[in-house]
Structure formats: structure tokens, C-alpha cells
Amino acid sequence: MRISLKLMLVAAAALGAAAPAYAQRASLADRVGVLETQVNNSQANTDMLNQLQQLRTEMQALQGTIEQLQHENEQLKQRSRDQYLDLDGRLNRLEGGAGAPAAPGTGAVTPAAAAAKPTAAAAERPPTVRGDAGSLASAGDERAAYNVAFDALKAGNYADSAQLFQSFLELYPNAAYTPNALYWLGESFYATRNFKMAEAQFSDLVARYPTHDKAAGGLLKLGLSQFGEGNSAQAQKTLEQVISRFPGSDAARTAQDRLQSIRLGQQLR
């Protein structure tokens, strides 16, 4: 009995001594596990940092490419604007006469100057009369009244010339100089940007005198008046009619250039 008790006490003491050693081993394993986890996390963080740095490098390269493309795009737009302004300026000079220089420092006439003042010839040739050529012989008073209005136009007094041409047309609604008066009345309105009234005169001219010398120019100015009103679609149709109805004429060439100018302007918007 005493021996058994001693054995039990020895066994208990042995177990008590072994417990701290086991606990120490368990604690050490846990610490090793934590360290391994930290090492793994550090490697993951390093990989992530490397990926972020690579992304930053790629973004910088893309930003440089974008800036280069933006610069090239601005250069292309500027060249297109320069071409448009140059073409528009030349067209305006063709429409208004070669004697109207561009304003200093602008280099070209802007699209806002589409309603350039018309330049009448110093001495307009008599109209072509189809049918009774002798009707000019009795047009003395008619010619005098026409000249008064035409002189006002040449002097740049467009409001006066409009009134005078309207008075002429009331006195001579179907005379030899009626088509010319309709054309220059339209020009008088066009010069003061009264595009709606100008359109009415040019439309009347083309409808009543489709084979007259002024018909091609009248149809051209009809299209330009429509464009001045903001009716771009109708203006383009009218300018296309000028090209098809009067091929090879100065009016047709100007209409072609104006069509190109309008379409280029639409692309730049």
C-alpha cells in the first residue's frame, strides 16, 4: 500500500514536470506559424508593390501617348481651320469682287463675313434681250432710272439702292433691265445681311428668267442667302443645282468651292 502510494506520487510528479515542456513546445510551434504567416504576407505585399509600380509605369507611358495624340489632334484641327478660313476668304472675295482685301492681322476673312459687300462693275454691260432687240431703243427712261439705283449700289449705299431698285421694279416690272434690277436688289439686301429678302429677289429672278445672264449668279446667291439664314441643307441643294444647271460657269465653280467650305465647316463643329 505504501509502495503504490509512492509510485502514484512519483508518476504525478513526472507528469507535472513534463507538462511545462509540452506547453513550451506548443507555444514555439505557434510562434513559428505566426512568423511563417508574416513572411508570406510580406512576400504578398512585395508582389503587390511591384505590380503597383508596374501599373504606374504603364500609366505614365499611356499619359505620354495621350498627350502626344492630343497635340497632334490640335495641330490637325488648326490646319483644317486654316484651310477653311483660307478657302472661305477666297470665296468671299470671289463673291464680293477681288478688290476687297482682308482686314489687317486676320490673314483671312472669317466665316462671319460671308455676307461680304457686293462690288458692282464700274459700267455694267446692257442686258441681253431675247426676242425684240429693238425694245432697247425705247428704254431711255428705263435706263436712266436703273442707273440711279445702280450708282447708289456702286457707292455702297445699300439701303438707298434697295429702295431705288424697288421703285424701278414698280415702274418697270417686265422691262429689259428688270432681271438685272432683281439681281442687284437681292445683292443690296444680301450686303446688309437681310438674307430673307435677298432670297425672295434671287428666287424671283431664277423663276422668271431662267435663261437670263444673271440666272446663274442669281441661283448661286439664292443658295448663299439660304445658308445665311441658317438653312444649310437647302443651301447645299441649291448650290448643287447651280453646278448641274450651269456646268463650267464661274457660278458653278464658286458653288463647288462654297459647298466644300460648308461641308468642311460642318466637320469642324
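## Buried lysine, nonpolar core and surface patch

Lys-221 counts as buried, because its relative accessibility is 3%, which lies under the 20% limit for that class. This residue belongs to a predicted model, and its place is in helix 6, which spans residues 215-228. The side chain of Lys-221 makes a polar contact, at 2.7 Å, with the side chain of Glu-187.

Helix 6 also takes part in the largest nonpolar core, being one of the helices that each supply at least two of its residues. That core has 38 residues, and those with the most contacts inside it are Tyr-146, Phe-165, Trp-184, Leu-220 and Leu-239. Helix 4 provides the largest share of the core, namely eight residues. In soluble globular proteins, nonpolar side chains tend to be buried together.

For Leu-239, once neighbours within four places in sequence are left aside, the residues in contact are Leu-220, Gly-223, Leu-224, Ala-255, Arg-258, Leu-259 and Ile-262.

At the surface, Met-48, Leu-49, Leu-52 and Leu-55 make a nonpolar patch of about 390 Å². Met-48 has its place in helix 1, which covers residues 2-96, and Met-48 counts as partly exposed because its relative accessibility is 49%, a value that falls between the limits of 20% for buried and 50% for exposed.

The two residues for which accessibility has been described are set out below.

| Residue | Relative accessibility | Class |
|---|---|---|
| Lys-221 | 3% | buried |
| Met-48 | 49% | partly exposed |

Note on methods: Residues are numbered from 1 along each chain as its sequence is written. This is a predicted model: local features need pLDDT of at least 70, side-chain atom pairs count only at pLDDT 80 or more; totals for chains, interfaces and linings use all residues. Side-chain values use heavy atoms; hydrogens and water are left out. Patches are made of residues with over 30% relative accessible area and no salt bridge: like charges are joined within 9 Å, nonpolar side chains (Val, Leu, Ile, Met, Phe, Trp, Tyr) within 5 Å. Accessible areas come from the Shrake-Rupley method with a 1.4 Å probe; for residues, only the protein chains shown count as cover. A salt bridge is a side-chain nitrogen of Lys or Arg within 4 Å of a carboxyl oxygen of Asp or Glu. Helices (H or I, at least four residues) and strands (E, at least two) are DSSP runs, numbered from the N terminus. Buried means under 20% relative accessible area, exposed over 50%, partly exposed in between (1.4 Å probe, protein chains only). A polar contact is a pair of N or O atoms within 3.5 Å; within protein, one must be able to donate a hydrogen and the other to accept it, and residues adjacent in sequence count only if both atoms are side-chain atoms. A nonpolar core is a set of buried Ala, Val, Leu, Ile, Met, Phe, Trp, Tyr and Cys residues joined through side-chain atoms within 4.5 Å. Contact means heavy atoms within 4.5 Å.
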